[in-house]
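Open your viewer and let's take a short walk together. Keep the selection tool handy.

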Amino acid sequence: MYVYVVLEYSPRCPRCKVAEKTLRNICESLGVPLILRRVGSEGSVGRDRFAYHPTSIQHTFTEDFAEKVGDIEVKKVIQDLKRFGIDPSRFTSTPVIRIVFGGSRGEREIVIRGFPLDRESLRRTYINLYQTLKILAGGRK
Amino acid sequence: MSSVVSEAMYIIFSSIFDLIERWKRRKRKKKFYEKLEEKKKLPTPPRWYTGYVRVGDRARIVGRHTKLVVDVPYYGQTKYTYSAPEKIYVTAREVVSPEWFSLLKHLHERITGRGE
């Protein structure tokens, strides 16, 4: 069984900074590898500005995906936005936390969209993520 | 007179030989297409491939290093197939909620099909 965490971040996003700090803390204490992946087109180097790296959740903001999952409300919202000329699947929404784990039965992923900022919900998120990773990593220290 | 007979004989024999040749050609064509169909029925793996190939009710095993080809009865060996990683999509609001673990359990059961 293997576990690793991928954080898809954008350099100017305040939530990403908090998410990175929290995940670093959790992963260091549990010994789980953390991989950072910059998405979007905000790069410091000139060449990076022309390259666009999509996030791994962009396809979830489409009508097809909402229909597949069975979320009719979301589908309606996406349809309304498209009527105004806004395509939500084109936005780079960060941060995205991917907890990848796998074993003999194949690979599985928990993909978390977004991260909270207020203190109380941060505390709860820390506890939930810590426990989840601890269980997945098999109680390793 | 004799020239007429010889001409007639020539025409008759040549037509007979032509017919025989046409039959032979037809036979050759038939054999060629039969062989092609046989090849389609028993696909041999490419030279670089090593692993199992299912041929009807038999499994053809190609040795990894030796490139030996062995035909054995099929006992459920299958060619390696890629399975995409299964994903559970959640939002930050769900991570914050105290029912996070029950939700994860429910989603995991939905993926694996154990809960239903």
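The tour goes from a helix to salt bridges and ends at a surface patch.

This is a predicted model, where local features need pLDDT of at least 70, side-chain atom pairs count only at pLDDT 80 or more, and totals for chains, interfaces and linings use all residues. Residues are numbered from 1 along each chain as its sequence is written, chains are lettered from A and ligands numbered from 1 in the order in which they are written, and side-chain values use heavy atoms, without hydrogens and water.

Start by selecting helix 5 of chain A, residues 119–136 (helices are DSSP runs of H or I, at least four residues, and strands are runs of E, at least two, numbered from the N terminus). Its buried residues include Ser121(A), Asn128(A) and Leu136(A) (buried is under 20% relative accessible area, exposed over 50%, partly exposed in between, with a 1.4 Å probe and protein chains only). Look down the axis: the buried residues fall within an arc of 125 degrees, so they line one face. Turned away from that side are the exposed Arg119(A) and Ile135(A).

Still in this helix, pick Arg123(A) and Glu120(A), which form a salt bridge at 3.1 Å (a Lys or Arg side-chain nitrogen within 4 Å of an Asp or Glu carboxyl oxygen).

Next, select Glu86(B) and Arg108(A), whose side chains meet in a salt bridge at 2.7 Å, N to O. Glu86(B) lies in strand 4 of chain B and Arg108(A) in strand 4 of chain A, so the pair joins two chains. Arg108(A) is buried at 12%.

Finally, move to Trp23(B) in helix 1 of chain B, exposed at 53%.

Methods. The expected span of a helix is 1.5 Å times one less than its number of residues. The arc is that of the directions from the helix axis to the C-beta atoms.
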